[in-house]
Amino acid sequence: MEKSIHRFVLRHARAETMVLIALTLASLPIYYMALDIPKTIMNKAIVGKGMTWPTEVAGIPFHQVGYLFLLCAAFLLAVLVNGGLKQYINTLKGRLGERLLRRLRYELVNRVLRFPLPHFRKVSAAEVIPMITSEVEPIGGYMGDAFAQPLIQLGTLATIVFFLFMQNPVMGMAAISLYPIQAYLIPKLQKKINQLGKQRVKAVRRVSERIGESVAGVQEVRAHGTGSYERAHYADLFGRIFEIRFEIYQRKGFVKFLNNFLNQLAPLLFYSIGGYLVIQGELTVGALTAALTANKDMSSPWKELLDWYQQTADIKIKYEQVTEQFRPENMIEPGLQDPLAAPPPPLAGAVRAAGVAVVDDTGLRQIEAVTVDLPASGRIGVTGAAGGGKEVFAQVLARLVPPSSGRLTWGERDMAGINESALGARLGYVGPSAYIFSSSVRDNLLYGLKQRPVHAPARDAAGQRARQRLETEARRAGNSDLDHEADWVDLSAAGVASSAELDARLLDLLARVDLTEDIYALGLRGRIDPDRQSARAATILAARAAVAARLAAPELRGLVERFDPQAYNTNATIAENLLFGTPVDPAFEIDALAANPAVMEVLDRVGLTPLLIAAGRQVAATMTEIFADLPAGHELFEQYSFLTADELAELPGLLARVAEGAQPEGADRRRLLSLPFKLIDARHRLGVIDEPLQERILAARAELRRAIKSGVAFFDPDSYNAAATIQDNILFGKTAHGIARAEARVGKVIAETLDASGLRGAVLEVGLDFQVGVAGARLSNAQRQKLALARALAKRPSLLIVNEAIQGLDAASQARVMEGVLASAADALLVWVLPPDAERGPFDRLLVFSEGRLARDDSAASPANA
Amino acid sequence: MSLQEEAEILRRIPLFAKLEPAKLKLLAFTSRRLAFEAGQVLFNQGEFGDSAYIIVDGAAEVSIETPSGPIVVATVGRNAIIGEIAILCDVPRTATVTAKTALQALRIDKETFFRLVTEFPQMAVEIMRELAQRLEKSNQQLRAAVAARQG
């Protein structure tokens with residue numbers, strides 16, 4: 001990557017820059033004309049100095065007025081051409097800048113993808129992100145100006161100076177007499193500003209790094225109560241930035257002041273020297289006026305030039321400071337990451353390590369002189385003490401860590417020379433904490449099948465043309481022209497022929513890694529769109545009826561309290577009983593209900609408000625009494641109360657303000673009204689939901705259904721509720737709170753019904769669509785590891801490396817997962833890094849690492865006597 | 001049945017008799033009211049115990065596994081507290097408890113129980129008193145048994 005920004009611009013936009021320079025040079029004579037014609041108009045056309053009428057222009061005779069208009073037309077033309085050319089140059093500059101910015105960003109990201117793995121221990125995302133996003137932004141704007149701007153301004157300046165010299169050499173000298181002083185002083189002042197600029201960038205980076213740490217380590221900050229320490233650190237960091245920035249501001253201001261001051265001095269020279277010359281009769285008043293005007297015009301390009309100079313200094317630092325972060329040692333060769341043009345070549349055969357050693361960046365030898373032959377297929381266990389080299393060996397095999405010396409071959413090929421996409425298509429690796437992308441379960445499973453675009457997306461003619469334009473532009477900026485919207489999933493690599501088969505294959509994989517039940521549970525909590533999947537919705541409705549029929553059996557009666565439009569559901573909250581539907585608009589969420597005017601209007605109308613306020617007061621009194629002696633935020637409270645600690649703290653005041661039977665207004669009214677909304681009669685047993693209240697609520701329910709036109713998906717025994725989960729749609733009611741093991745028993749009934757109606761697969765497919773959250777945060781650690789294993793298995797790798805990937809699972813689950821993976825990768829070479837002191841177990845061979853060396857190699861053929 | 005009534009029931013249990021009404025309500029609020037059918041098992045001998053039960057209504061049988069099959073050692077009824085040993089000293093359930101009739105119980109889980117005890121020392125004192133009484137009772141039984149043997 002180019003070390004200086006100017007070299008970067010010249011290398012990637014030489015032609016465009018040359019065009020810009022040529023156009024700029026071409027615009028200068030026209031600019032000169034725009035300066036010169038007014039003078040001719042004054043002197044020749046209007047004053048008529050040295051003219052005889054009619055005068056001939058290109059053989060056509062002109063009278064004075066005609067001549068005046070001719071010159072005016074010429075002036076208009078010059079202005080138009082000058083303006084048009086400027087506009088065109090600006091457009092070119094803008095496009096050039098944006099293209100180069102795109103290229104720069106792409107190049108930086110490209111380099112991140114090529115960083116050697118150990119380098120990621122030194123850089124944090126919090127540092128890299130602002131560099132690629134915000135820090136390079138001003139660089140982009142500058143790159144268009146890098147060469148053109150000084151040229152334009154210098155050219156303009158030179159034109160004016162030339163014009164002045166043409167008027168009078170002394171005047172010309174006067175105009176430029178102060179420039180040498182400025183040219184000497186300003187760089188000196190700027191140098192200090194540049195140093196400060198470097199410090200500023202570093203200080204800001206420290207802040208982003210620190211913020212990244214605070215966010216990632218927020219649990220520790222909270223648990224150790226070190227918020228004050230962190231805040232003090234931030235105050236310190238920001239203080240330093242403040243000092244640097246303020247000093248830069250002051251120094252820049254001084255440069256500006258100095259410059260303005262010297263510019264203001266110039267007219268003084270004109271008045272004194274020019275005035276003297278006029279008095280002496282060596283200069284006309286008209287020439288002095290023209291010279292003054294020209295000098296005024298000079299201040300603008302001069303100022304621009306100075307700005308450009310300051311900007312250049314600033315941007316150079318930015319560019320260097322950004323790009324130096326992207327030049328680590330041992331980057332992956334760019335050729336290894338070239339996109340595949342054809343399906344990845346088959347890779348198979350024995351894997352051989354010959355004298356492989358790894359030395360980390362601190363000089364520590366992690367593995368030494370490892371020489372081992374692994375067959376093309378088979379099960380190899382690897383064990384040894386933690387840090388003894390087995391983990392690094394696995395990473396070397398997966399080519400995640402390059403050997404410092406020695407050679408690794410797969411079949412006939414040197415591992416170091418295999419294209420990364422080709423390798424990724426045939427090699428599976430699962431580490432101890434695999435990363436899960438923020439997407440659906442399905443997308444994560446398919447991630448390992450996306451080495452190259454397989455099918456271009458279907459586009460109409462207009463779409464095709466738009467895509468062409470995007471690709472051309474991408475190539476101009478040195479970006480990848482591969483189509484992100486194409487279908488990247490290589491079905492043949494997964495061993496299936498169609499997308500339908502693919503889903504079946506994914507479900508099979510889930511079963512192999514013991515993840516089916518988890519995905520099933522996620523599926524039950526998922527939602528479907530009944531408009532798009534009407535058949536599925538109909539089957540779920542049928543399951544609703546079937547489950548209801550089964551739950552009507554004497555031994556199961558009472559487990560679920562179904563939603564009945566005519567009855568109060570004691571296992572649901574008051575809010576759910578009121579709305580009798582699922583909120584779609586946040587205005588109908590339980591916390592917003594008391595502030596919803598449409599709802600309040602109905603509650604007032606049916607006379608429910610006073611009852612709810614009385615109930616609210618009772619809830620407030622009981623809660624205050626029960627939790628009175630507990631400190632705020634006590635775990636018991638957190639666990640059982642349906643109020644927050646802040647809300648509880650407000651209650652005594654609320655009770656004091658609102659007398660019993662009173663009807664408060666405003667915030668107190670909303671507060672009291674919202675208190676009972678979360679009450680579940682069967683669970684909280686506060687005894688405030690009596691018959692009259694229930695009757696009023698039912699009346700309000702009917703009214704609300706008529707009044708609310710949108711924002712709530714109402715419960716309807718005969719239709720699918722798009723806003724509710726599949727489970728809620730099947731159950732169409734609430735599991736009873738007061739019956740032992742009700743949830744488990746109901747879950748069993750649902751599972752059996754779904755199996756019987758063939759819906760289990762459908763629920764699993766909905767589970768595949770589950771969004772796992774950032775870094776898979778909505779899955780448990782065990783689920784993430786299992787998902788990563790399934791992802792590695794999906795491409796049917798010839799070499800599968802499992803590096804302490806399931807240590808976090810419980811023993812029974814570990815056994816099931818290992819069995820499933822072993823069976824799935826029967827034809828492959830499977831290398832499994834096991835806990836220390838592991839037995840050979842189901843493996844053909846056991847490699848034992850100790851202190852970085854391969855200490856033992858037990859195979860089934862030669863049973864070890866260890 | 002409301003919190004108020006449950007608090008009344010808790011008051012009749014010696015362990016909680018001396019607690020003030022607000023604490024009893026808190027205990028009731030933080031416990032779960034559960035219905036069991038006749039024959040349904042509350043917990044099995046040998047399981048890890050995570051909660052204690054207070055019988056509000058109905059009766060339950062306490063049985064112990066022996067090589068010759070389960071033997072019913074006691075029948076407990078209203079106001080009895082069962083399963084407290086397992087949550088106090090982290091041992092597996094020492095017996096199986098099965099609902100003999102339809103049963104209503106309050107279930108207090110271990111965490112909650114301990115938090116209540118740590119938060120309200122008078123509860124801890126009451127529990128100590130109750131346990132000491134039980135110890136004294138078993139000592140008496142032991143003495144009586146020893147005397148009967150010697151005599």
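How much area do chain B and chain A bury between them, and what share of it is on carbon and sulfur atoms? In this predicted model, the two chains bury about 2,300 Å² between them, with 52% of that area on carbon and sulfur atoms. On the chain B side, F29(B), R115(B) and E119(B) lose the most area to chain A, and together they make up 29% of what that side buries.

**Where the chains meet**

Let us walk along the interface. Chain B brings 29 residues to the contact and chain A brings 26 residues. Three salt bridges are counted between chain B and chain A. R745(A) takes part in a salt bridge with E37(B), where the closest N and O atoms are 3.4 Å apart. Polar contacts add to the picture: nine residue pairs are found across the interface of chain B and chain A, with both residues at pLDDT 80 or more.

Several elements of chain B each supply at least two residues to the side that touches chain A: α1 (3-11), α2 (21-30), β1 (32-36), β2 (41-43), β8 (103-109) and α4 (110-119). Of these, α2(B) gives the most, with seven residues. Sorted by class, the side of chain B that touches chain A holds 14 nonpolar, five polar and 10 charged residues.

**Inside chain A**

Now for chain A itself, which is divided into four parts: domain 1 (5-177 + 263-326), domain 2 (351-452 + 775-859), domain 3 (531-563 + 716-755) and domain 4 (564-714). Between the C-alpha centres of domain 1 of chain A and domain 3 of chain A there are 76 Å.

Helix α24 of chain A covers residues 666-674, and D668(A), R669(A), R671(A), L672(A), L673(A) and S674(A) are buried there. What do the buried residues of α24(A) pack against? Their partners are α20 (597-605), α21 (609-627) and α23 (645-657) of chain A.

L506(A) sits in helix α16 (residues 499-512) of chain A. Why does L506(A) count as buried? Its relative accessibility is 1%, and buried means under 20%. Apart from residues up to four places away in sequence, L506(A) touches R442(A), L445(A), L446(A) and L768(A). The C-alpha atom of L506(A) is separated by 77 Å from that of I176(A), which is 330 residues away along the chain.

T573(A) is found in the loop between β9 (560-562) and α19 (574-579) of chain A. T573(A) counts as buried because its relative accessibility is 9%. Leaving aside neighbours within four places in sequence, T573(A) is in contact with I590(A), F677(A), K678(A), L679(A) and I680(A).

**Two loop residues with positive phi**

Each chain also offers a loop residue for you to look at. R796(A) has a phi near 50°, a positive value in a residue other than glycine. N79(B) is not a glycine either, and its phi is positive at about 75°. Their places and accessibilities are set out here.

| Residue | Loop | Relative accessibility |
|---|---|---|
| R796(A) | between α30 (781-794) and β13 (799-803) of chain A | 42%, partly exposed |
| N79(B) | between β5 (69-76) and β6 (81-82) of chain B | 21%, partly exposed |

Why is R796(A) described as partly exposed? Its 42% relative accessibility falls between the 20% limit for buried and the 50% limit for exposed. N79(B), with a relative accessible area of 21%, is partly exposed.

Key:
Residues numbered from 1 in each chain as written. Chains lettered and ligands numbered in written order. Predicted model: local features only at pLDDT ≥ 70, side-chain atom pairs only at ≥ 80, totals over all residues. Heavy atoms only, no water. Contact = heavy atoms within 4.5 Å. Buried area = accessible area lost by both parts, 1.4 Å probe. Salt bridge = Lys/Arg side-chain N within 4 Å of Asp/Glu carboxyl O. Polar contact = N/O pair within 3.5 Å; in protein donor to acceptor, adjacent residues only side chain to side chain. Helix = DSSP H or I, 4+ residues; strand = E, 2+ residues; numbered from the N terminus. Nonpolar A, V, L, I, M, F, W, Y, C, P; charged D, E, K, R; others polar. Buried < 20%, exposed > 50% of the residue type's maximum accessible area, 1.4 Å probe, protein only. Domains from an automatic or database assignment.
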